[in-house]
Amino acid sequence: MGLEQQLESLAVDIAREAGALARARREEGVSIAASKSALADIVTEADREVEALIRARIAAARPGDGFLGEESDPERGSTGVTWVVDPIDGTVNYAYGIPSYAVSIAAVSGEPDPLSWTALAAAVHAPALGEMFHAARGEGAWLGETRLAVNAEVNPAGSLLATGFGYDPATHGPQLALLGRVMPLARDIRRIGAASLDLAYVAAGRLDGYFERGLNPWDHAAGVLLVQEAGGVAVGMPGDAPNRDMTIVGNRALVQRLADVVFADDTAGDTQGR
Ligand code: IPD
Ligand code: CA
């Protein structure tokens, strides 16, 4: 088994244990621990506890790897591998009792920066939905034992697209304006509330495409590898890999159409609203 598959197997095992903990804590009742970047950007006690569990399991299995997670301090490693972790993606869904939340774990090599890293392995686990999406670089993307493929055609009825909105109210106007420009390409829009699941669902062909501004590395690290290993394309700003400035995924033709619209009228107001 190559390194990528070893990392995938570890990510899946840890995501399963972390998901069980998140689900158990949800059933006991969620307490909001704090607000972060904005009042709406919450962290629960469970987010912190689940990240601590994931971090401890990674450190025990692979001492020396780096760590970049949503809820604790980053650490540079010595092995060239960094784990990029969102313990509960979709925290607002989690707090409200909506089952669309996920543990997202990726292993990347190179600098821990989405503009330059190479994703090696990914697990996105939605414990309340009983689904485990996983991928290893060069080995395909899977939902359990089923191999995934993005929808290859651009649907003449329009594309089923997902997006998201940042927590900062200042970004909402530009993001709604962008959605208005994209709307003619869409048969409908979904706002699922967990970027890792938006990306996993594109990989699984449940959505045709997804775009969002303002994502953090842990929101997209695992999901982008799922899309790529399912035969899809993932881009950021023109010439860039997906990052905070922009993430667009789908099949090649759809990503091109979305990029044409997203970047056609990228006014100063939009840019400020990332
Ligand atoms: C958020 C979710 C949401 C996306 C936000 C993310 P969190 O992550 O993925 O769908 O629109 O940009 O920050 O805060 O639930 O981990
Ligand atoms: Ca997240």
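**Note on the predicted model: pockets, metal site and core contacts**

1. The lining of the largest pocket divides into ten nonpolar, eleven polar and 13 charged residues. The model is predicted, so read every value here as computed from a prediction. The pocket has a volume of about 680 Å³. Its lining takes in 34 residues, and those closest to the pocket centre are Phe165, Gly166, Tyr167, Glu212 and Asp219. Four elements each supply at least two lining residues: β4, α3 (91-96), α4 and α6.

2. Next, the metal. Which residues coordinate the calcium ion (ligand 2)? Asp86, Asp89 and Asp219 do, each through OD, at 2.0 to 2.3 Å. Along the sequence, these donors are spaced D-x2-D-x129-D. Asp86 sits in strand β4 (residues 81-89) and Asp219 in helix α6 (residues 217-229), so this pair ties together parts that are 133 residues apart in sequence.

3. Are Asp86 and Asp219 buried or exposed? Asp86 has a relative accessible area of 0%, so Asp86 is buried. Asp219 is at 10%, under the 20% limit, and therefore counts as buried too. Asp219 appears twice in this note: as a donor to the calcium ion (ligand 2), and among the residues closest to the centre of the largest pocket.

4. Now the enclosed space. A search of the whole structure turns up one cavity of 30 Å³ or more. The volume of the largest cavity is about 50 Å³. Thr163, Gly164, Phe165, Gln175, Leu178, Leu179, Phe211, Glu212 and Arg213 form its lining. Two elements give two or more residues to that lining: α4 (172-182) and β12 (209-212). The largest share, three residues, comes from α4. By class, the lining holds four nonpolar, three polar and two charged residues.

5. Compare the two linings residue by residue when you inspect the model. Phe165 and Glu212 line the largest cavity. Phe165 and Glu212 are also among the residues closest to the centre of the largest pocket. Helix α4 contributes at least two residues to the pocket lining and three to the cavity lining.

6. The structure holds two aromatic pairs. One is Tyr94 with Tyr101, an edge-to-face pair with 4.8 Å centre to centre and 80 degrees between the planes. Both partners, Tyr94 and Tyr101, are buried.

7. The other pair is Phe133 with Tyr201. How do their rings meet? The centres are 6.1 Å apart and the planes lie at 55 degrees, so this pair is tilted. It links distant parts of the chain, 68 residues apart: Phe133 belongs to strand β7 (residues 131-136) and Tyr201 to helix α5 (residues 195-203). Phe133 has 0% relative accessibility and so counts as buried. Tyr201, at 13%, is buried as well.

8. Tyr201 has a second contact. Arg206 lies over the face of the Tyr201 ring, at 4.9 Å from the ring centre.

9. Why is helix α5 described as largely enclosed by the rest of the structure? The reason is that nine of its nine residues are buried. They are Ala195, Ser196, Leu197, Asp198, Leu199, Ala200, Tyr201, Val202 and Ala203. After α5 comes Gly205, with a positive phi near 75 degrees.

10. Last, the loop between β13 (233-235) and β14 (247-250). Gly236 is found there, and so is Asn243. Gly236 has a relative accessible area of 2%, so Gly236 is buried. Asn243, at 9%, counts as buried too. C-alpha to C-alpha, Gly236 and Asp113 are 13 Å apart in space and 123 residues apart in sequence. For Asn243 and Asp198, 45 residues apart along the chain, the C-alpha separation is 15 Å. Asp198 is one of the buried residues of α5.

Methods. Residues numbered from 1 in each chain as written. Chains lettered and ligands numbered in written order. Predicted model: local features only at pLDDT ≥ 70, side-chain atom pairs only at ≥ 80, totals over all residues. Heavy atoms only, no water. Phe/Tyr/Trp six-rings, centres within 6.5 Å; stacked < 30°, edge-to-face > 60°. Buried < 20%, exposed > 50% of the residue type's maximum accessible area, 1.4 Å probe, protein only. Lys NZ or Arg CZ within 6 Å of the ring centre and 35° of its normal. Donors = N, O, S within 2.8 Å, 3.2 Å for Na, K, Ca; no water. 1 Å grid on protein atoms, 1.4 Å probe; cavity = no way out; pocket = protein on both sides within 12 Å on 5 of 7 lines; lining within 4 Å. Points joined across faces, edges and corners; volume = space filled by probe spheres on them. Nonpolar A, V, L, I, M, F, W, Y, C, P; charged D, E, K, R; others polar.
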